[in-house]
Amino acid sequence: MYKNFATKLLFFALLLLSTLCSLKAQTAFRIVSKPIIFDAERRQLTLDYLEKRHGLKQSEPTIHPLMVVLHWTDIMSLEKTFDVFNRSTLPGARKEIASASALNVSSQYVIDRDGTVYQLLPDTVMARHVIGLNYCAIGVENIGSDQYPLTEAQLLANEQLIRYLKLKYPIEYVIGHYEYNLFRETDLWKESDSSYRTEKTDPGRDFMKRIREKIKDLNIKGVPDHK
Ligand SMILES: [Zn+2]
(Lines give C-alpha, C1' and ligand atoms only; values in the text may rest on other atoms or scores of the structure.)
Protein backbone atom coordinates (compact mmCIF):
# COMPACT_ATOMS: atom_id res chain seq x y z
CA MET A 1 0.00 0.00 0.00
CA TYR A 2 2.80 2.39 0.90
CA LYS A 3 4.50 1.57 -2.36
CA ASN A 4 1.30 2.45 -4.22
CA PHE A 5 1.00 5.72 -2.29
CA ALA A 6 4.62 6.60 -3.02
CA THR A 7 4.06 5.92 -6.72
CA LYS A 8 1.02 8.19 -6.73
CA LEU A 9 2.94 10.90 -4.90
CA LEU A 10 5.77 10.66 -7.40
CA PHE A 11 3.29 10.84 -10.27
CA PHE A 12 1.67 14.03 -8.91
CA ALA A 13 5.05 15.57 -8.16
CA LEU A 14 6.13 14.97 -11.76
CA LEU A 15 2.83 16.33 -13.04
CA LEU A 16 3.28 19.50 -10.98
CA LEU A 17 6.86 19.87 -12.17
CA SER A 18 5.93 19.52 -15.85
CA THR A 19 3.06 22.03 -15.42
CA LEU A 20 5.41 24.52 -13.81
CA CYS A 21 7.98 24.00 -16.57
CA SER A 22 5.46 24.59 -19.33
CA LEU A 23 4.16 27.70 -17.54
CA LYS A 24 7.71 29.00 -17.34
CA ALA A 25 8.22 28.34 -21.07
CA GLN A 26 5.05 30.24 -21.87
CA THR A 27 5.98 33.25 -19.76
CA ALA A 28 9.67 33.36 -20.71
CA PHE A 29 9.02 35.75 -23.60
CA ARG A 30 8.59 39.31 -22.47
CA ILE A 31 9.00 42.73 -23.97
CA VAL A 32 10.77 45.52 -22.13
CA SER A 33 9.41 48.98 -22.84
CA LYS A 34 12.16 51.50 -23.68
CA PRO A 35 10.49 54.30 -25.64
CA ILE A 36 12.48 56.66 -27.84
CA ILE A 37 11.46 60.30 -28.18
CA PHE A 38 8.36 60.75 -30.26
CA ASP A 39 7.82 64.48 -29.96
CA ALA A 40 5.91 66.92 -32.17
CA GLU A 41 8.92 67.23 -34.50
CA ARG A 42 9.28 63.49 -35.03
CA ARG A 43 5.54 63.14 -35.50
CA GLN A 44 5.53 65.82 -38.21
CA LEU A 45 8.63 64.41 -39.94
CA THR A 46 6.98 60.96 -39.92
CA LEU A 47 3.79 62.36 -41.47
CA ASP A 48 5.95 64.16 -44.07
CA TYR A 49 7.85 60.93 -44.79
CA LEU A 50 4.61 59.01 -45.28
CA GLU A 51 3.39 61.65 -47.72
CA LYS A 52 6.57 62.51 -49.65
CA ARG A 53 8.27 59.13 -49.79
CA HIS A 54 5.36 56.68 -49.62
CA GLY A 55 2.69 58.91 -51.22
CA LEU A 56 0.37 58.43 -48.24
CA LYS A 57 -1.31 61.54 -46.86
CA GLN A 58 -2.34 60.59 -43.33
CA SER A 59 -3.53 62.44 -40.24
CA GLU A 60 -1.76 59.97 -37.92
CA PRO A 61 1.81 58.58 -38.30
CA THR A 62 0.59 55.00 -38.18
CA ILE A 63 1.09 51.81 -40.19
CA HIS A 64 -0.87 48.63 -40.93
CA PRO A 65 1.75 45.91 -40.39
CA LEU A 66 1.97 43.30 -43.14
CA MET A 67 5.66 42.60 -42.86
CA VAL A 68 8.49 42.19 -40.35
CA VAL A 69 11.95 43.32 -41.46
CA LEU A 70 14.92 41.92 -39.52
CA HIS A 71 18.14 43.90 -39.19
CA TRP A 72 21.43 44.02 -37.39
CA THR A 73 22.63 47.30 -35.99
CA ASP A 74 26.36 47.35 -36.80
CA ILE A 75 26.52 49.08 -33.40
CA MET A 76 27.66 46.74 -30.69
CA SER A 77 25.66 47.94 -27.69
CA LEU A 78 22.03 48.40 -26.79
CA GLU A 79 22.64 51.78 -25.16
CA LYS A 80 24.58 53.20 -28.13
CA THR A 81 21.87 51.97 -30.49
CA PHE A 82 19.19 53.56 -28.31
CA ASP A 83 21.10 56.86 -28.33
CA VAL A 84 21.37 56.77 -32.14
CA PHE A 85 17.63 56.16 -32.57
CA ASN A 86 16.45 58.44 -29.77
CA ARG A 87 16.81 61.83 -31.47
CA SER A 88 14.07 62.93 -33.86
CA THR A 89 16.30 64.13 -36.70
CA LEU A 90 19.15 62.45 -38.58
CA PRO A 91 22.64 63.53 -37.58
CA GLY A 92 24.60 65.33 -40.32
CA ALA A 93 26.81 62.31 -40.96
CA ARG A 94 24.08 60.29 -42.71
CA LYS A 95 24.27 62.26 -45.97
CA GLU A 96 23.32 59.33 -48.22
CA ILE A 97 19.80 59.22 -46.77
CA ALA A 98 19.45 62.75 -45.35
CA SER A 99 18.41 64.22 -48.70
CA ALA A 100 15.35 61.93 -48.71
CA SER A 101 14.14 63.08 -45.29
CA ALA A 102 15.46 64.59 -42.06
CA LEU A 103 13.50 61.99 -40.06
CA ASN A 104 15.88 59.93 -37.95
CA VAL A 105 16.13 56.17 -38.42
CA SER A 106 14.66 53.86 -35.78
CA SER A 107 12.79 50.59 -35.37
CA GLN A 108 9.89 49.41 -33.26
CA TYR A 109 12.05 46.72 -31.58
CA VAL A 110 15.70 46.13 -30.67
CA ILE A 111 16.94 42.74 -29.47
CA ASP A 112 20.10 42.66 -27.38
CA ARG A 113 22.79 39.95 -27.62
CA ASP A 114 21.27 38.12 -24.62
CA GLY A 115 17.87 37.94 -26.33
CA THR A 116 16.16 40.70 -24.32
CA VAL A 117 13.51 42.35 -26.47
CA TYR A 118 13.13 46.13 -26.13
CA GLN A 119 10.22 48.04 -27.61
CA LEU A 120 11.11 51.57 -28.74
CA LEU A 121 7.90 52.55 -30.52
CA PRO A 122 4.36 51.14 -30.60
CA ASP A 123 3.94 48.45 -33.29
CA THR A 124 1.68 50.65 -35.38
CA VAL A 125 3.75 53.87 -35.30
CA MET A 126 5.96 54.24 -38.38
CA ALA A 127 9.70 53.83 -37.95
CA ARG A 128 12.22 54.66 -40.67
CA HIS A 129 14.18 51.45 -41.23
CA VAL A 130 13.53 50.21 -44.77
CA ILE A 131 13.15 52.19 -48.00
CA GLY A 132 9.82 51.74 -49.80
CA LEU A 133 8.14 49.64 -47.12
CA ASN A 134 8.12 51.52 -43.78
CA TYR A 135 4.38 52.16 -44.13
CA CYS A 136 3.65 48.42 -43.72
CA ALA A 137 6.74 47.02 -41.98
CA ILE A 138 7.64 46.48 -38.34
CA GLY A 139 11.40 46.80 -37.88
CA VAL A 140 13.36 44.50 -35.58
CA GLU A 141 16.97 45.51 -35.01
CA ASN A 142 19.43 43.08 -33.46
CA ILE A 143 22.67 44.12 -31.77
CA GLY A 144 25.27 42.54 -34.06
CA SER A 145 27.22 42.84 -37.29
CA ASP A 146 28.95 40.85 -40.00
CA GLN A 147 31.86 40.42 -37.60
CA TYR A 148 29.62 39.56 -34.65
CA PRO A 149 26.83 37.36 -36.07
CA LEU A 150 23.58 37.17 -34.14
CA THR A 151 23.42 34.84 -31.13
CA GLU A 152 21.30 31.77 -30.36
CA ALA A 153 19.42 33.86 -27.77
CA GLN A 154 18.63 36.42 -30.48
CA LEU A 155 17.44 33.68 -32.83
CA LEU A 156 14.98 32.44 -30.19
CA ALA A 157 13.84 35.98 -29.30
CA ASN A 158 13.24 36.84 -32.98
CA GLU A 159 11.20 33.67 -33.36
CA GLN A 160 9.10 34.47 -30.27
CA LEU A 161 8.60 38.07 -31.34
CA ILE A 162 7.51 37.06 -34.85
CA ARG A 163 5.03 34.55 -33.38
CA TYR A 164 3.67 37.24 -31.06
CA LEU A 165 3.31 39.77 -33.90
CA LYS A 166 1.73 37.20 -36.21
CA LEU A 167 -1.04 36.69 -33.61
CA LYS A 168 -1.73 40.45 -33.51
CA TYR A 169 -1.43 41.45 -37.18
CA PRO A 170 -1.93 39.89 -40.62
CA ILE A 171 1.84 39.44 -41.15
CA GLU A 172 2.43 38.05 -44.65
CA TYR A 173 6.19 38.51 -44.98
CA VAL A 174 9.30 38.19 -42.85
CA ILE A 175 12.39 39.43 -44.67
CA GLY A 176 15.98 40.33 -43.99
CA HIS A 177 16.84 43.95 -44.73
CA TYR A 178 19.16 42.79 -47.55
CA GLU A 179 16.09 41.38 -49.34
CA TYR A 180 14.01 44.57 -49.49
CA ASN A 181 14.99 45.43 -53.07
CA LEU A 182 13.09 42.31 -54.20
CA PHE A 183 9.89 44.26 -53.55
CA ARG A 184 10.68 47.10 -55.97
CA GLU A 185 8.61 45.66 -58.79
CA THR A 186 5.60 44.85 -56.58
CA ASP A 187 2.43 46.70 -55.60
CA LEU A 188 3.71 46.87 -52.04
CA TRP A 189 6.61 49.14 -53.01
CA LYS A 190 5.91 52.81 -52.22
CA GLU A 191 8.85 55.14 -52.81
CA SER A 192 8.55 58.27 -54.89
CA ASP A 193 12.18 58.29 -56.10
CA SER A 194 13.08 55.12 -57.99
CA SER A 195 16.79 55.91 -57.70
CA TYR A 196 16.67 56.03 -53.89
CA ARG A 197 18.32 52.79 -52.84
CA THR A 198 20.90 51.41 -50.47
CA GLU A 199 22.64 48.03 -50.56
CA LYS A 200 22.36 46.06 -47.33
CA THR A 201 23.70 42.77 -45.98
CA ASP A 202 21.92 42.65 -42.62
CA PRO A 203 21.02 40.50 -40.75
CA GLY A 204 23.01 37.94 -42.77
CA ARG A 205 21.85 35.13 -45.05
CA ASP A 206 22.63 32.43 -42.52
CA PHE A 207 20.42 34.07 -39.88
CA MET A 208 17.50 34.38 -42.32
CA LYS A 209 17.87 30.74 -43.30
CA ARG A 210 17.76 29.70 -39.65
CA ILE A 211 14.84 31.92 -38.64
CA ARG A 212 12.81 30.67 -41.62
CA GLU A 213 13.41 27.11 -40.51
CA LYS A 214 12.12 28.01 -37.01
CA ILE A 215 8.92 29.69 -38.21
CA LYS A 216 8.10 27.55 -41.22
CA ASP A 217 4.87 26.34 -39.56
CA LEU A 218 3.55 29.93 -39.76
CA ASN A 219 3.57 29.85 -43.58
CA ILE A 220 4.96 33.37 -43.79
CA LYS A 221 6.45 34.36 -47.14
CA GLY A 222 9.99 35.58 -47.64
CA VAL A 223 9.82 36.74 -51.23
CA PRO A 224 7.08 38.76 -52.90
CA ASP A 225 4.25 37.02 -54.66
CA HIS A 226 2.48 40.26 -55.46
CA LYS A 227 2.77 41.56 -59.01
ZN1 LIG B 1 19.04 47.20 -41.64
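A residue is called buried here when its relative accessible area is under 20%, and exposed when that value is over 50%. With that yardstick in hand, helix H3 makes a good place to start in this predicted model. H3 spans residues 78–86, and its buried residues are Leu-78, Thr-81, Phe-82, Phe-85 and Asn-86. These cover an arc of only 130 degrees around the axis, which puts them on the same side of H3. The pattern fits the general geometry of such helices: an α-helix has 3.6 residues a turn, so residues three or four places apart point the same way. The face turned away from the buried side carries the exposed residues Lys-80 and Asp-83. Cover for the buried residues of H3 comes from elements that include helix H2 (40–52), S3, strand S4 (117–119) and S5. At the start of H3, a side-chain oxygen of Ser-77 comes to within 3.0 Å of the backbone nitrogen of Lys-80.

Stepping back to the whole chain, the protein has 6 helices and 6 strands. Read from the N terminus, these elements follow the order α-β-α-β-α-α-β-β-β-α-β-α. Of the 227 residues, 47% count as buried. Contacts that reach far along the chain are well represented: among those between residues at least 6 apart in sequence, 75% join residues at least 24 apart. The protein exposes about 12,300 Å², and carbon and sulfur atoms supply 58% of this area.

Strand S5, one of the elements that cover H3, deserves a closer look. Its residues are 137–142, and 6 of its 6 residues are buried. Ala-137, Gly-139 and Glu-141 point one way from S5, while Ile-138, Val-140 and Asn-142 point the other way; all of them are buried. S5 is joined to S2 by 6 bridges, and the two strands run parallel. Within this pairing, Leu-70 stands opposite Val-140. S5 also runs parallel to strand S3 (residues 109–111), to which 3 bridges join it. Here Val-110 has Glu-141 as its bridge partner.

Asn-142 belongs to S5 and has a relative accessibility of 0%, so it counts as buried. Leaving aside neighbours within four places in sequence, Asn-142 is in contact with His-71, Trp-72, Thr-73, Ile-111, Leu-150, Gln-154 and Asn-158. One of these partners, His-71, leads straight to the metal site.

The zinc ion has three protein donors, His-71 (ND1), His-177 (ND1) and Asp-202 (OD), which lie 2.1 to 2.2 Å from it. Along the chain these donors follow the spacing H-x105-H-x24-D. His-71 lies in strand S2 (residues 67–72) and Asp-202 in the loop between strand S6 (173–176) and helix H6 (205–214), so this pair ties together parts that are 131 residues apart in sequence. Both residues are under the 20% cut-off for buried: His-71 has a relative accessible area of 1%, and Asp-202 has a relative accessibility of 6%.

The backbone around Asp-202 has a feature of its own. The peptide bond from Asp-202 to Pro-203 is cis, with omega near 0 degrees, and Pro-203 lies in the loop between S6 and H6. Two further residues stand out for their phi angles. Asp-74, in the loop between S2 and H3, has a phi near 65 degrees, a positive value in a residue other than glycine. Asn-219, in the segment after H6, likewise has a positive phi, of about 55 degrees, although it is not a glycine. As background, most residues other than glycine have a negative phi, and most peptide bonds are trans. Asp-74 is exposed at 57% relative accessibility, and Asn-219 is exposed with a relative accessible area of 66%.

Helix H6 follows the loop that holds Asp-202, and Lys-209 is found in this helix. With a relative accessible area of 65%, Lys-209 is exposed. Its C-alpha is 9.8 Å in space from that of Gly-176, a residue 33 places away in sequence. By contrast, Glu-159, in helix H5 (residues 152–168), is buried with a relative accessible area of 13%. Not counting residues up to four places away in sequence, Glu-159 touches Ile-211, Lys-214 and Ile-215.

Conventions. Residues numbered from 1 in each chain as written. Predicted model: local features only at pLDDT ≥ 70, side-chain atom pairs only at ≥ 80, totals over all residues. Heavy atoms only, no water. Donors = N, O, S within 2.8 Å, 3.2 Å for Na, K, Ca; no water. Helix = DSSP H or I, 4+ residues; strand = E, 2+ residues; numbered from the N terminus. Buried < 20%, exposed > 50% of the residue type's maximum accessible area, 1.4 Å probe, protein only. Contact = heavy atoms within 4.5 Å. Areas by Shrake-Rupley, 256 points an atom, 1.4 Å probe, with all protein chains shown as cover. Pairing = 2+ DSSP bridges. Arc of directions from axis to C-beta. Polar contact = N/O pair within 3.5 Å; in protein donor to acceptor, adjacent residues only side chain to side chain.
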